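Trainee: Before we discuss the labels, could you bring up the sequence and the model, so that I can ask how each term is justified?

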Amino acid sequence: MTVNRRTLLTRLGGLAGLGAAAAAAPALAAPLTPELERRLSLCQPAGDPLEELLRRNRRFSTIWQEASSQHDTRRRADRLAQVWNGGCQLNPRALDAGQRPWAALLGCADSRVPPDWLFASGPGELFEVRSAGNTAADSCVASLEYAVAELHVPLILVLGHSGCGAVGAALGLGALTPLLTDLVRPIRAALPAGAPLDEAVRLNAAAAAAALPQRSAVLREAVGAGRLRVVAAVFEISSGLVSLV
Ligand SMILES: [Zn+2]
């Protein structure tokens, strides 16, 4: 089945706050003029977006590790701020008129794993979807459908991380509320009993990456047409490095 734009809008109409807008307007993302497209694409990598994410992360990791041994808070802040030095920042006026992100992430809500920082990216570069345990929950899948169908993002990186509390909870390491039990259910389903936390984080990221095209016809068609890659990776907090799973 071909998933056209109307189908996507119908699906996204289920998202809170988007229903009325989707019904009233044919487009969720306004078309870009050639000049605006050019201005919004100035920070896009010339080559493989995945390689660019990993290249930027290696630089982040170096600074992150150097900052770890800096005990003076001001000097540590100065060093960490250098993550963005020499990078590309889009014009706020262009961003006011539209967006053309070149990668999307499904990451954990954990306070230690902000994608803009790990990948030294400015506003308008990364389309970020976050939930505890980087699960492919309905709202996350719908958001990524929007990124792919409307914003033409060519890459989704599912990013787990070391010490993930949600994955730990799925392994039965903590007490859960009913809603949290629902949240970790898909994580739990992807893990063998007794898996060590590090292994469980990798398995969960891989399972979420596999689930995206399985659960979404929009994403599945984009992958099938060669317009989209879905890749799993893990961020190691101690080293600052992102490794593909
Ligand atoms: Zn986490």
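**How the labels are earned**

Mentor: Let us begin with Ser61, which is buried, because its relative accessible area of 3% falls under the 20% limit for that word, exposed being over 50% and partly exposed in between, with a 1.4 Å probe and protein chains only. This is a predicted model, in which local features need pLDDT of at least 70 and side-chain atom pairs count only at pLDDT 80 or more, whereas totals for chains, interfaces and linings use all residues. Residues are numbered from 1 along each chain as its sequence is written, and side-chain values use heavy atoms, with hydrogens and water left out.

Trainee: Where is Ser61 found, and what is it in contact with beyond its neighbours in sequence?

Mentor: Ser61 is found in helix H4, where helices (H or I, at least four residues) and strands (E, at least two) are DSSP runs numbered from the N terminus. Contact means heavy atoms within 4.5 Å, and, leaving aside neighbours within four places in sequence, Ser61 is in contact with Ser239, Gly240 and Leu241.

Trainee: What makes Cys108, His161 and Cys164 donors of the zinc ion?

Mentor: Donors are N, O and S atoms within 2.8 Å of the metal (3.2 Å for Na, K and Ca), and water is not among the atoms, so sites may look incomplete. Cys108 (SG), His161 (NE2) and Cys164 (SG) lie 2.1 to 2.3 Å from the zinc ion, and therefore meet that limit as its protein donors. Their spacing in sequence is C-x52-H-x2-C. Cys108 lies in the loop between E1 and helix H7 (115-118) and Cys164 in the loop between E3 and H9, so this pair ties together parts 56 residues apart in sequence.

Trainee: Why are Cys108 and Cys164 called buried?

Mentor: Cys108 counts as buried because its relative accessibility is 5%, and Cys164 is buried because its relative accessible area is 2%.

Trainee: What makes a set of residues a nonpolar core, and which residues have the most contacts inside the largest one?

Mentor: A nonpolar core is a set of buried Ala, Val, Leu, Ile, Met, Phe, Trp, Tyr and Cys residues joined through side-chain atoms within 4.5 Å. The largest has 38 residues, and those with the most contacts inside it are Leu53, Phe119, Leu157, Leu159 and Phe235. The largest share of this core, seven residues, comes from H4. Apart from it lies another core, of 25 residues, among them Leu106, Leu151, Val158 and Ala222.

Trainee: How do you know that the length of H8 is close to the expected one?

Mentor: The expected span of a helix is 1.5 Å times one less than its number of residues. Helix H8 (residues 138-149) has 12 residues and reaches 16 Å from its first C-alpha to its last, which is close to the 16 Å expected.

Trainee: Why is the phi of Ala120 or Asn134 worth pointing out?

Mentor: Most residues other than glycine have a negative phi. Phi is, however, positive in both cases, near 45° for Ala120 and near 40° for Asn134. Ala120 is found in the loop between H7 and strand E2 (126-130), while Asn134 lies in the loop between E2 and H8. Ala120 counts as buried because its relative accessibility is 13%, and Asn134 counts as buried because its relative accessibility is 1%.
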